[in-house]
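Here are two short exercises to work through with the model open beside you. Try each task before reading its solution.

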Amino acid sequence: MKKAFQHILSLSMAFLVMLSTMSFTVDKHFCGSHLVDKAVFSKAKTCGMQMSAEAENHCCTNEKVSVEGQDELKISFDSFDFHQQLFITTFTYTYFELFESLPKQVIPFKDYSPPLLVTDIQLEDQVFLI
């Protein structure tokens, strides 16, 4: 249960970081006070009425809402001084060397079936470990 909770928590934190750094635009097209179309990441479809640039009284309006993500999480490796870079590289190298894989164990009798037991030999001979 604890392992499942940790997985759920780590996934939710990853999605939170991803959504906080992502930016997107919502485009809306209104004809009067009626919402005709709403689009995310693309341009909203118009209602088909031609709007001239000289017309003073526009019945159609376009509204664009931009949500900007944060850029504070982008840390470059060059901003560290030499001692910090040296510590990070040695730490990652030693950390990955901890988890080297073990050689595959060969079990020579894996494909053989065990012998059939007709009687229990220990009970028959009355030999018990004390």
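A polar contact is a pair of N or O atoms within 3.5 Å; within protein, one must be able to donate a hydrogen and the other to accept it, and residues adjacent in sequence count only if both atoms are side-chain atoms. The model is predicted, so local features need pLDDT of at least 70, side-chain atom pairs count only at pLDDT 80 or more, and totals for chains, interfaces and linings use all residues. Numbering starts from 1 along each chain as its sequence is written, and side-chain values use heavy atoms, with hydrogens and water left out.

**Exercise 1.** Work out which backbone nitrogen the side chain of Asp-27 reaches, and how the residue stands with respect to salt bridges.

Step 1: find Asp-27 in strand β1, residues 24-31 (strands are DSSP E runs of at least two residues, numbered from the N terminus).
Step 2: check burial. Asp-27 is buried (under 20% relative accessible area, 1.4 Å probe, protein chains only).
Step 3: look for a salt bridge (a side-chain nitrogen of Lys or Arg within 4 Å of a carboxyl oxygen of Asp or Glu). There's none: Lys-43, the nearest side chain of opposite charge, is 4.4 Å away.
Step 4: turn to the backbone. The Asp-27 side chain reaches the nitrogen of Ala-44 at 3.1 Å.

**Exercise 2.** Place β1 in its sheet.

Step 1: read off the order, β2-β1-β3, in an open sheet of 3 strands with antiparallel pairing (a pair needs at least two DSSP bridges).
Step 2: spot the edges, β2 (34-40) and β3 (60-67), each pairing on one side only.
Step 3: follow β1 into β2. They're joined by 6 bridges, including His-29 with Asp-37 and Phe-30 with Leu-35.
Step 4: finish at the hairpin turn, where 2 residues lie between β1 and β2 and Gly-32 has a positive phi of about 75°.

Notes. Buried < 20%, exposed > 50% of the residue type's maximum accessible area, 1.4 Å probe, protein only. Lys, Arg positive; Asp, Glu negative; His and termini not counted. Helix = DSSP H or I, 4+ residues; strand = E, 2+ residues; numbered from the N terminus.
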